[in-house]
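Trainee: Please take one part of this chain and go through it closely. I would like to see how that part fits with the rest.

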Amino acid sequence: MAECFNGYIGNRGGIPIVEATQSNAGSATTNAIYTLPCHVFGKGCKGIIVVNFLGASAATVTGVTLSVSGSTRELLSSAGEALTTLTSGYHIIVFDKPNNRLNLIV
């Protein structure tokens, strides 16, 4: 496994702006599921991406799951809690590979 710089790198190579396609809007008993393009997180260990969610989740969901190249991670609030709704449009996400976390900035 490649060594990973543990700090944040600001705007190295630009900030990725990608679209997330919705495969499931979710429900009160299921997560909403969105797919991001392959290699969206590049080689960085920590950083930000801007994601255009092409569809809103259902009014209330149990969480929001992001899928990239067959791997899934739950998208958490900035406080580390499960999201219960997600609007369509542009959102900033912080990724932290060493701690295996994706957080939505609010």
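Mentor: What follows starts with the whole chain, goes on to one hairpin, and ends with a patch on the surface. The model is predicted, so local features need pLDDT of at least 70 and side-chain atom pairs count only at pLDDT 80 or more, while totals for chains, interfaces and linings use all residues. Residues are numbered from 1 along each chain as its sequence is written, and side-chain values use heavy atoms, with hydrogens and water left out.

The protein chain has seven strands and zero helices. Both are DSSP runs numbered from the N terminus: helices (H or I) have at least four residues and strands (E) at least two. Along the sequence the pattern reads β-β-β-β-β-β-β. Of the contacts in the chain with a separation of 6 or more, 67% are between residues 24 or more positions apart; a contact means heavy atoms within 4.5 Å.

Now the hairpin. Strand E4 (residues 64-68) and strand E5 (residues 71-76) run antiparallel and are joined by five bridges. Two strands pair if DSSP finds at least two bridges between them. Thr-65 stands opposite Glu-74 in E5. Two residues lie between the strands of this hairpin, and Ser-69 takes a positive phi near 50°.

Ser-67 is in strand E4. Ser-67 counts as buried because its relative accessibility is 14%. Buried means under 20% relative accessible area, exposed over 50%, and partly exposed in between (1.4 Å probe, protein chains only). Leaving out residues up to four places away in sequence, Ser-67 touches Tyr-34, Thr-35, Leu-36 and Thr-72. Across the chain, buried residues make up 37% of the 106 residues.

E5 has another partner: two bridges join E5 to strand E7 (residues 101-104), and these two run parallel. Here Leu-75 has Leu-102 in E7 as its bridge partner.

For contrast, turn to the surface. The chain exposes about 6,300 Å², and carbon and sulfur atoms supply 55% of it. These areas come from the Shrake-Rupley method with a 1.4 Å probe; for residues, only the protein chains shown count as cover. Ile-15, Ile-48, Ile-92 and Ile-105 make a nonpolar surface patch of about 300 Å². Patch residues have over 30% relative accessible area and no salt bridge; nonpolar side chains (Val, Leu, Ile, Met, Phe, Trp, Tyr) are joined within 5 Å, like charges within 9 Å. A salt bridge is a side-chain nitrogen of Lys or Arg within 4 Å of a carboxyl oxygen of Asp or Glu. Ile-48 lies in strand E3 (residues 46-53) and counts as partly exposed because its relative accessibility is 35%.
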